[in-house]
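Open the model in a viewer and keep the selection panel at hand. The stops below go from one selection to the next.

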Amino acid sequence: AWADVAELEPASGAGRVRVRVRGAAQAVRAVGRRVAFLVLRQGPATVQCVVSGGGDGGGMARFAAGLSRESVVDVAGVVSLPREPVRGTTQQLVEIQVEKLHCISRAVPNLPIGVDDAARSEEDVTRAKAAGEQLVHVGQDKRLDYRVIDLRTAANQAIFRVQCQVENVFRQVLLSEGFVGIHTPKLIGGSSEGGAAVFKLDYNGQAACLAQSPQLHKQMAVCGGFGRVFEVGPVFRAEDSNTHRHLCEFVGLDVEMALRDHYSEARTMAAILSCIDLCCCCLGSLKLFDITDPSSLLYVAGYLGTTLRLDYDEGIRMLQEAGVHVDPMGDLNTEAEKKLGELVRDKYDTEFYMLCRYPSAVRPFYTMPCSDDPRYSCSFDVFVRGEEIISGAQRVHVPELLAAQAEARGIDVGTIAAYIDSFRYGAPPHGGFGVGLERVVMLFCGLGNIRKTSLFPRDPRRLAP
Ligand code: 4AD
């Protein structure tokens with residue numbers, strides 16, 4: 001990262017390199033009146049700069065010592081090897097003997113949160129207190145209030161690079177498989193998933209809402225002659241779910257494709273995507289983290305092996321045998337999903353699996369019932385450590401059945417008339433799936449809270465920053 005910004009110039013003296021670097025003043029320390037140490041940070045990297053008074057009587061060192069933390073600073077100087085390791089930095093290979101110093105943007109002297117405070121856990125603070133040091137712990141809510149500062153931690157810098165890679169791999173894999181990237185409207189006339197979890201708005205006098213998913217329009221794109229489509233875009237859910245894994249706005253990675261082999265093809269794509277390419281890429285990027293706890297990385301073997309596929313019935317049986325009360329034709333609640341994740345891990349030695357053939361009653365109206373038993377559906381969810389990351393299915397492409405299923409769920413068919421009509425003009429059997437980007441990254445990185453993987457999270461209480 002430094003090479004990108006440093007303008008290298010030959011300096012006088014053999015083997016000396018003169019550089020110019022711009023960064024944020026992460027730490028400033030004065031040693032006497034004539035020397036100051038300045039740690040500059042750029043993205044996840046830092047470098048120590050030594051400002052020592054030359055002919056100016058220590059003026060530059062005093063100026064450096066007076067810089068407020070996080071001010072943006074330009075330095076020009078000569079690269080040297082550090083005499084001693086730099087504390088609290090990620091990069092200690094070289095330091096810069098400063099010749100010129102300019103403050104480009106001065107940060108307020110009392111920042112609402114410190115970058116270091118933001119990275120500290122309560123345990124760190126307790127440990128430091130026991131050792132007689134002064135440390136501050138800033139809770140997640142306050143960190144999110146000052147997200148611009150919070151984002152500067154090395155961990156956050158890594159998280160959003162991982163997220164970018166996950167999205168990138170998703171695109172690359174699909175493009176190489178002949179999929180076309182599309183953008184569906186986010187202003188639509190009604191619910192796309194059924195249910196009331198929509199943000200309603202007035203669209204020039206007409207009732208409208210923010211799209212709960214690209215579901216209906218991605219299917220219509222397949223009917224429009226695109227055999228294989230994908231979309232990366234915002235998804236809006238007006239759920240009042242204050243949990244570690246729900247957001248009111250998240251990034252959906254969506255796929256829809258015409259099927260030859262009914263729903264097994266969609267399942268295979270989900271498995272291929274998530275378990276091989278996504279994982280390899282993520283694990284590579286995760287080297288950015290200083291992860292000392294191996295349990296925070298998913299087991300590579302779990303991903304690269306054949307994805308375990310369980311029928312819903314079998315999952316129900318496993319739960320019942322473990323003494324969990326579940327309705328065989330009902331949905332699994334969060335605790336039951338978590339418990340099943342543990343049972344699967346103990347029995348099959350994997351934290352990654354697919355649950356297939358859900359009861360039709362617990363799936364959206366557009367889901368295809370199984371031909372051998374319509375009480376069940378051609379659908380699946382993919383779980384990591386007992387938490388859902390992907391949901392998919394074969395869709396109903398028969399308009400009469402689609403309308404009947406919508407009506408049976410109390411949906412006003414008038415609001416989706418154009419969607420249902422799309423299947424009257426010749427429509428291939430098709431299926432697809434949706435993945436939540438923030439949720440995948442949260443689970444890949446073992447982060448425990450989805451707000452950490454959303455740049456500026458929107459949850460039921462948060463609309464700012
Ligand atoms: O399970 P969902 O609601 O399925 C759909 O939207 C379907 N249209 C997908 C399909 O093609 N059949 O959402 C898909 C994924 C979930 O598996 C989860 O990863 C994520 O989106 N997700 C959320 N992420 C964050 N906050 C929320 N409130 C989420 N709801 C779902």
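Start at the ligand and select strand 16, which supplies six residues, the largest share of the shell around the ligand. The model is a predicted one.

Next, extend the selection to the other elements of the shell. Of the 24 residues around the ligand, those that come nearest are Ser213, His246, Ser391, Gly434 and Gly436. Two or more residues of the shell come from each of strand 12 (249-258), strand 16 (387-394), strand 17 (430-436) and helix 15 (437-444). Colour the shell by class: nine residues are polar, eight nonpolar and seven charged.

Now select Leu437. Which residues does Leu437 touch, leaving out those up to four places away in sequence? They are Gln163, Val166, Glu167, Phe250, Val251 and Leu253. Leu437 is also one of the residues with the most contacts inside the largest nonpolar core, together with Leu355, Val440 and Val441. That core has 68 residues. Apart from it is another core, of 20 residues; select Phe37, Leu38, Val79 and Val98, which are among them.

For the last stop, select residues 200-203 and 206-210, which are strand 9 and strand 10. The two strands run antiparallel and are joined by four bridges. Show Leu201 and, opposite in strand 10, Ala208. Then go to the turn of this hairpin, where two residues lie between the strands. Asn204 has a positive phi there, near 50 degrees.

Notes: Residues are numbered from 1 along each chain as its sequence is written. This is a predicted model: local features need pLDDT of at least 70, side-chain atom pairs count only at pLDDT 80 or more; totals for chains, interfaces and linings use all residues. A nonpolar core is a set of buried Ala, Val, Leu, Ile, Met, Phe, Trp, Tyr and Cys residues joined through C-beta atoms within 7 Å. A residue is buried if 20 or more other C-beta atoms lie within 10 Å of its own, exposed if 12 or fewer, and partly exposed in between; C-beta atoms are placed from the backbone. Two residues are in contact if their C-beta atoms, placed from the backbone, lie within 7 Å. A residue is near a molecule or strand if its C-beta atom, placed from the backbone, lies within 6 Å of it. Ala, Val, Leu, Ile, Met, Phe, Trp, Tyr, Cys and Pro count as nonpolar, Asp, Glu, Lys and Arg as charged, and the others, Gly among them, as polar. Two strands pair if DSSP finds at least two bridges between them.
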